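Reader: Before I plan any bench work, I would like to go through this model with you, one question at a time.

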Amino acid sequence: MSTRYLKKVYGNDIALEDNNEESEPELNDVQVGGSKKKQFNVFDLLNQSSDNDDNETENIQEDETEEGEEKINDNKSKSKKKRKKHRKVHKQKDTLEEISDDQSNKSQDNLDEIDRTVRQINKLLGEPGPSTSLGSADNLQLSLIAKSKEQTLIVQHKHLNAYNELKRIFGSRTIQAEQTKPRNRGRTGHLKKTWLVSVRENMLPISKSGISMTIDRTMNEKGVQYFVYEHSTSYRQVQQKFINAVESLNPENIISIVNEHPYNVDALLQSAELCKLSEDLAMAARLIERAIFYLEYAFHPMFNMTTANCRLDYRKQQNRAFFIALFKHLVLVGGRACYRTSLELCKLLLSLDPEGDPLAVVLMIDFYAIRSKEYEWFCEFCNLWENSRNLQQLPNIAYSLALAYFHLGKQETADELLQNALIMFPGVLNPLLDKCSINTDSKVKLHEFFTTKAESSTPPALDKLQTLYIARSFHLWKEAEILPWLEKNVNIVFQRLDSKDDYVKFCQVKRTKRYQGKLPRNILRHLIVSDLKDVTVNVQGIQNEGSILSHDPLPPENSINIYSNPRTARRNNEAHTNLLSLFFSSFFMDLENEIAVANGANNPNDHQGYQNEYD
């Protein structure tokens, strides 16, 4: 019998003996509290208890079964959860493995790029010594930040448009009032946004200008891609009309071509020179911008100006218009104090042919770099290109590099560079001070090293480069903090002269031997296109160098022409003294006799006149 059941019936006062399994057959009436207690049949009780026990066992079994089922369900759910967790863990492991594989692949690619960069640097600078550990953190950092020569010519397209710089200087409202919005007046074609110039109303929307650009398959150079402009049949017909108009001795014929065919680039460039002679610089700028717009309109989809990896062969006649147009455009933009834009255009122009540099951009890139306060870039440019171009052998680079380090606050380096520049190019000092209207000490003006010795040891070609630098960059030396620095280093140079420094004799020998001969053709081209009043082109200096036209001055000797001009070819010996005569020579070609008479019919082989003119 269940003890729990007995307690339930009799209460807690009934004590059962453990040894007696059977109870008495009869129970006497016991009066408790004046009431009779109910008599129970033991067997009934036993039967009831057995039934209850059965029920209880059944309940217990049911409870046990339910608990078992719950445990089974719990186990199943736990097993499911475990399986899900297991699957999630496997998925996470798989994703982690994939991520780790990707990261390892990326890291491997990065290491490969680092190795390639290190190999390129080793080719330029030589293999490192045995004590150099390329795996160290410092050397790894240096290999990552090291730049190649071409990377210094990477262009930022936001600085290519002069109007962006004008907005920063004068405000957007002022520039928007000046700039007109383009409108399509029913003409065929459409205008697209360009990087180099802003679209104006006078830039006609055209569908086919006749100019296109393709990949130049004839040129193959590792790491760069060459392109070439192509002229359609209709464009070639118009170009031939332009050549005939140049030979017709009538400028109105060229103007009529511009009116009838406003997309002829050479006619636009020639007309821009006519506007400059009449001092209409605004119209000249618009014509040049229109020429650049049509040339940029024809760009190949793969021609990216900002990467410094796209090249144009200057020998090919149809490519030269882009060089000339960019050069004239950056000069006009620089005249509007947009020096940052001019610097980016210099980088673009130099990146098209960095080794040949057909327009000698290195003679003016220093001026725009200093003016735009890009001192760090200019120092990096000079350091990377020094070995291949000997940039510090040019007077403009030697003096400007000292200025750049001075503005960066590197006083010792700036002092050393300025002293070296003064010793190497002494003919710059006195003309520079005179141009800046600075009254100097008589010791400087009368010292033989900066006067007589400088004149006697400076060849005419070097003197032309010095004159060019003074005419273009004398404004850079008129700042208040520059003059005391210049005076201090001039006095140090006097001390080195008195102590008979060996470097002085070395530079004197270098000047007399290295700068002999005529100016290179690209420098003559630069002088002609720059149009600086203080720098004239000598007659003998450009004699027998080729035809001189405003749209194509001094073509290369190995020029690849697609247009023939026998009459111009017969006049390769034509001489000119300044830009005014250079421009009119494109219209009036029969001036040989007059120029020969005016110059006394000097012998082309006689260079005495060349020497006397600039001494």
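Reader: What share of the residues in the protein is buried?

Author: The model is a predicted one, and the protein in it has 27 helices and 7 strands. Its accessible surface comes to about 34400 Å², with 48% of that belonging to carbon and sulfur atoms. Of the 615 residues, the buried share is 44%.

Reader: How many disulfides does the model have?

Author: A pair of cysteine sulfur atoms counts as a disulfide when the two lie within 2.5 Å. Applied to this predicted model, that rule gives a count of 0 disulfides.

Reader: Is C310 buried or exposed, and which strand has the residue range that begins at 310?

Author: A residue is called buried when its relative accessible area is under 20%. C310 has a value of 7% and is therefore buried, and C436, with a relative accessible area of 6%, is buried as well. The range 310-312 is that of an edge strand, which pairs on one side only, and its name is β5.

Reader: What is the order of the strands in the open sheet of 3 strands?

Author: The edge strands of this sheet are β3 (211-215) and β5 (310-312), and the pairing in the sheet is mixed. β3 pairs with β4, residues 225-231, in the antiparallel sense over 5 bridges, and within this pair of strands I211 stands opposite H231. The order is β3-β4-β5.

Reader: How many of the residues of α19 are buried?

Author: Helix α19 runs over residues 460-473 and reaches 20 Å from its first C-alpha to its last, close to the 20 Å expected at 1.5 Å a residue. Among its buried residues are hydrophobic-looking names such as L462 and I470, but also K464 and R472. The helix is mostly covered, and the buried count is 12 of its 14 residues.

Reader: Which residue in the loop between α21 and α22 is in question here, and how far is it in space from L462?

Author: The loop lies between α21 (502-514) and α22 (521-530), and the residue placed there is Y515. Because its relative accessible area is 11%, Y515 counts as buried. Leaving out residues up to four places away in sequence, Y515 touches Q393, M424, F425, P459, A461, L462 and K510. Y515 and L462 are 53 residues apart in sequence, while their C-alpha to C-alpha distance is 6.0 Å.

Definitions and conventions
Residues numbered from 1 in each chain as written. Predicted model: local features only at pLDDT ≥ 70, side-chain atom pairs only at ≥ 80, totals over all residues. Heavy atoms only, no water. Buried < 20%, exposed > 50% of the residue type's maximum accessible area, 1.4 Å probe, protein only. Helix = DSSP H or I, 4+ residues; strand = E, 2+ residues; numbered from the N terminus. Areas by Shrake-Rupley, 256 points an atom, 1.4 Å probe, with all protein chains shown as cover. Pairing = 2+ DSSP bridges. Expected span 1.5 Å × (residues − 1). Contact = heavy atoms within 4.5 Å.
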